[in-house]
Every structure is written in C-alpha cells, then in structure tokens.
Amino acid sequence: MSEPTIQIVPRDAALDVPRRIVLDGYAPGPVQLSAELRHPDGSVWRSEATVTADADGHVDLDRQAPSAGDWREADAMGLVWSMRRLQPPSQAALTDEIEPLTVAVQARGADGASARAEFIQRYLVDGVERRDVNVDGIVGTVFTPRGAGPHPVIVVMNGSGGGIPLQRASQWATHGYTAFALGYFKAPGLPDHISNTPLEYFERALRWARAELAPRKGFVAVTGQSRGGELALLLGARFPELVNAVIAYVPSILVHGTLRAGRPGEAPDSPVWTWQGQPLPNVWKDNPDADWSAFDQVPADGQPVRQAPAFLSVLRNADAVAAARIPVERIEGPVLLISGTDDGFWPSTLYSDRIVDALRASGHRWPYRHFRGEGAGHAIGLPNTPTTLIAKPHPVAGVVLTGGGTPLANARANAASWQAARDFLAEASA
C-alpha cells in the first residue's frame with residue numbers, strides 16, 4: 001500500500017474559499033483526523049473527528065460525514081468551524097487583525113500510518129492594497145482590489161465592540177470592491193465609547209469616500225453588524241443621496257441606547273446617535289414598559305447572559321417604538337437584511353421582518369431581501385472560521401453574553417449569508 005497522503009485544494013487562498021480535503025493511502029477502517037490553528041493572537045484552536053477509509057483507503061471530507069467527533073456533517077470545512085479554543089489569546093490586539101491563518105491537519109490510520117498537511121487562509125490576498133486613513137477626523141482603513149479601477153465602494157462598520165472591521169473589509173476587497181473599514185469609536189484618535197456619536201461624522205466619511213475613492217458609477221454601499229446594522233440602515237435613511245445599497249447584519253429597526261457600550265457609569269438608555277447636536281430618540285429612554293431584568297441579570301449558576309428578552313419589553317410601548325423607529329422607507333436603493341432566528345443579543349429576525357414589512361408597505365422601488373439564518377445566533381459573519389465560541393465577554397462592558405445559535409447553525413449561516421451578500425452586492429453594483 002502507498003504512503004498515506006492528505007490533499008488540500010487550494011492550499012493557499014482567501015479565507016472565504018472552501019477547501020477540498022481528500023485522504024488517500026490509508027488502511028481501510030477508522031482514521032483519526034485532527035486540525036489545529038495557532039492563531040497570531042496566541043490562541044490555540046483544535047478539532048478532532050473519526051472518519052472511515054473505504055476499501056481503497058480513500059476519504060473525501062465533502063462526501064463523508066465523520067462517525068464521531070467535533071463535527072458530524074459531510075463538510076471539509078467542518079474541521080475549521082468546529083474548532084474549540086484550547087488556549088485564550090496572549091495578544092488580544094491581534095485577534096481582529098488580518099495576519100494569515102495556518103491550519104495544520106493530521107490523519108492517523110488504523111495501522112498507525114499517518115500524514116500531515118497545512119493550508120493557509122488569507123484575509124489579505126496578493127494584489128489587494130491596504131491604506132490606513134486619518135483625515136479630517138475620519139479614521140479607518142481602505143482596501144483596494146487588484147486590477148484597474150474604478151471599483152464599486154463598500155463602507156464597512158463594526159457594532160458595539162467598536163474598532164475597525166479589517167477582516168470583513170479585506171474580504172470584500174478580494175471580490176473586487178474598494179472596501180473602506182470605517183471606525184467610529186474605540187479606534188486611534190476616536191472616543192473610547194459609543195456615546196453621543198454624531199451622524200455628521202458618517203456624512204463626512206461618505207462624502208470623503210465618494211470624492212477620494214472614485215467609486216465606479218458613483219456606487220457606494222454601507223454594511224454593518226449589530227449596532228453597525230442599525231447604523232447602516234440609519235445612514236441609508238438619513239443620507240439617501242450618499243448611500244446606494246445597504247447590507248445590515250443582525251440589525252435593528254429601532255434606535256437603541258448605549259446599552260453596554262457607553263461611558264463608565266452612564267445609564268444604558270443614554271443616547272448613541274446625535275444630529276445637529278441633538279440626540280436621536282431611542283426606544284429605551286423614558287419607556288414605561290422597558291423591563292431591564294433580562295439585560296441586568298447575573299445568573300447564579302455562572303451561565304452567560306441571554307439579554308434578548310429585554311428587547312421585547314420595549315416593543316409594548318407604541319409611542320416609544322414610533323419615536324425610535326428608523327424610517328427605512330427613505331432608503332433609495334436595495335436592502336439586504338441578515339438575521340439569526342436564535343439571536344441571543346436582540347431579536348434581529350423580528351426586527352428584520354418589520355423592516356421588510358415597512359419596505360413592502362411603502363412600495364420600495366428597489367430589491368429587498370431578508371436572509372434568515374435558521375437556528376443561528378448573533379455572530380453571523382465570515383465563513384470558514386470557528387463558530388464554537390458562542391458566549392464571550394462584551395468588548396466594552398466585559399459582561400459574558402451568549403450570542404445564541406449552535407456551532408453548526410452559525411457555520412451554515414456564515415457560509416450561506418456571505419454568498420447571499422456577495423450575490424446581492426454584485427447585482428446592486430452592476
């Protein structure tokens with residue numbers, strides 16, 4: 001029998017490219033398979049499974065489900081999304097950076113013969129250029145795709161964790177978009193908290209993008225997740241002449257308070273967004289039906305907080321909802337909504353359904369779609385990444401929250417929603 005091998009195709013490619021992984025030359029019977037990622041931030045991730053080599057010593061991970069282990073689906077990328085974190089980061093600042101990731105795969109057959117192979121997942125692919133921006137108070141990073149421009153532009157924003165969304169922006173650039181990862185707090189030269197963020201900042205950023213990034217056919221889309229999804233819809237409605245399309249991940253149709261991202265000691269119903277010096281009404285402020293108990297809970301058993309039920313309480317007050325509602329019908333372009341039906345942070349599927357209702361009722365002239373991640377939670381994002389860390393500390397408040405969903409449901413939502421977003425933007429920017 002020939003020596004065992006692990007074939008991985010492609011071996012070196014962008015993060016969002018799924019790999020085909022085939023084992024050959026093994027003794028028929030069980031094969032112990034493992035994968036390990038030593039992340040640049042110092043964290044260590046690992047997955048394990050048992051697969052069965054056929055009479056020819058062959059295993060195709062996209063066609064054969066493991067009989068036991070961390071994933072049980074016929075999916076070669078299961079060895080990535082099912083990875084468990086064995087060691088936390090030692091350099092947390094690198095967690096959201098865009099260094100390449102190397103995944104080591106090892107397989108040992110029933111007779112003890114083994115093979116090892118690696119593949120590389122890249123955020124930044126050859127030909128994509130990165131440029132940090134700090135001009136007129138606007139802070140972010142621009143990723144320019146390979147090839148002659150002009151290119152359509154997408155502005156990418158984070159949620160209540162703040163910072164600059166380098167990873168998602170860099171992946172958009174691999175698909176031919178000039179991607180502007182825009183910071184608005186918790187980034188160099190910007191405030192540390194989300195409190196009282198002026199919408200004028202985003203207006204300046206959008207005008208700068210139009211003037212300096214030379215968007216093809218003048219096309220500029222905005223996308224954000226969570227509070228960034230709320231923000232993306234708000235910008236599309238507030239500045240329809242500057243925004244041509246909106247992709248809102250796990251968004252809200254309502255303006256909320258600072259919640260967990262405000263200044264120390266600040267009430268969670270304090271204002272987030274301002275316009276011309278005045279705070280935008282938020283659904284929590286002076287809402288007599290607001291019930292904070294699910295938000296403020298401290299589970300006695302040490303379990304993470306699932307805060308979503310608190311967000312249902314404020315919906316009981318029609319006046320507060322009407323005052324805080326984002327007028328999505330003012331958006332002049334296509335809209336894609338992405339939600340998780342088991343969202344533990346807030347009811348993003350309910351919010352997205354209401355956005356669709358509002359667009360339909362207004363006779364919205366552009367395409368709109370709601371992608372529902374069935375059984376998925378709040379952390380829907382890029383594909384081919386570990387999805388097992390469902391509960392983690394909030395980046396600002398430090399409270400351990402559960403985003404909801406399961407590793408499998410979240411992995412499926414990541415892959416399918418990313419394809420949906422790519423298809424949506426390709427059509428919108430054509």
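Two strands are taken as paired if DSSP finds at least two bridges between them; helices (H or I, at least four residues) and strands (E, at least two) are DSSP runs, numbered from the N terminus. The structure is a predicted model, in which local features need pLDDT of at least 70, side-chain atom pairs count only at pLDDT 80 or more, and totals for chains, interfaces and linings use all residues. Residues are numbered from 1 along each chain as its sequence is written, and side-chain values use heavy atoms, with hydrogens and water left out.

**Exercise 1. Describe the pairing of strand 9 with strand 4 and with strand 10.**

Solution.
Step 1. Strand 4 (residues 29–38) and strand 9 (residues 101–108) run antiparallel and are joined by 6 bridges. Within this pair, Leu-33 has Ala-107 of strand 9 opposite.
Step 2. Strand 9 also runs antiparallel to strand 10, with 8 bridges between them. Here Leu-101 has Gln-121 of strand 10 as its bridge partner.
Step 3. The hairpin of strand 9 and strand 10 has 5 residues between the strands, and Gly-112 in this hairpin takes a positive phi near 90 degrees.

**Exercise 2. Establish the strand order of the open sheet that contains strands 1, 3 and 6, and identify its edges.**

Solution.
Step 1. The order in this sheet of 3 strands is 1-3-6, and the pairing is antiparallel.
Step 2. Strand 1 (5–9) and strand 6 (59–60) each have a single partner strand, so each is an edge strand with one side left without a neighbour in the sheet.
Step 3. Strand 3 (residues 20–24) is joined to strand 6 by 2 bridges, the two running antiparallel. Val-22 is matched with Asp-60 of strand 6 as bridge partner.

**Exercise 3. Carry out the analysis for the open sheet of strands 15, 18 and 19.**

Solution.
Step 1. The 3 strands follow the order 15-18-19, with mixed pairing.
Step 2. Strand 15 (197–198) and strand 19 (278–279) are the edge strands, each pairing on one side only.
Step 3. Strand 18 (residues 273–275) runs antiparallel to strand 19, and 2 bridges join them. Thr-274 lies opposite Pro-279 of strand 19.

**Exercise 4. Locate the cis peptide bonds at Pro-10 and Pro-150, and the positive phi of Asp-136.**

Solution.
Step 1. Most residues other than glycine have a negative phi, and most peptide bonds are trans.
Step 2. The bond from Val-9 to Pro-10 is cis, with omega near -10 degrees; Pro-10 lies in the loop between strand 1 and strand 2 (12–14).
Step 3. The bond from Gly-149 to Pro-150 is likewise cis, with omega near 0 degrees. Pro-150 belongs to the loop between strand 12 (138–144) and strand 13 (153–157).
Step 4. Asp-136, a residue other than glycine, has a positive phi near 55 degrees. Its loop connects strand 11 (129–135) and strand 12.

**Exercise 5. Characterise the interface between domain 1 and domain 2.**

Solution.
Step 1. The domain assignment, which is automatic or from a database, gives domain 1 (5–122) and domain 2 (129–429). Their centres, taken over C-alpha atoms, are 32 Å apart. In the contact (heavy atoms within 4.5 Å), domain 1 takes part with 20 residues and domain 2 with 22 residues.
Step 2. The domains bury about 1600 Å² between them, 60% of it on carbon and sulfur atoms; buried area is the accessible area (1.4 Å probe) that two parts lose on being put together, summed over both. Of the area that domain 1 buries against domain 2, 41% comes from Asp-16, Trp-81 and Ile-98, more than from any other three residues.
Step 3. The count of salt bridges (a side-chain nitrogen of Lys or Arg within 4 Å of a carboxyl oxygen of Asp or Glu) between the domains is 1. Arg-130 forms a salt bridge with Glu-97, with the closest N and O atoms 3.5 Å apart.
Step 4. Helix 1 (78–81), strand 8 (84–87) and strand 10 (114–122) are the elements that give two or more residues to the side of domain 1 that touches domain 2.
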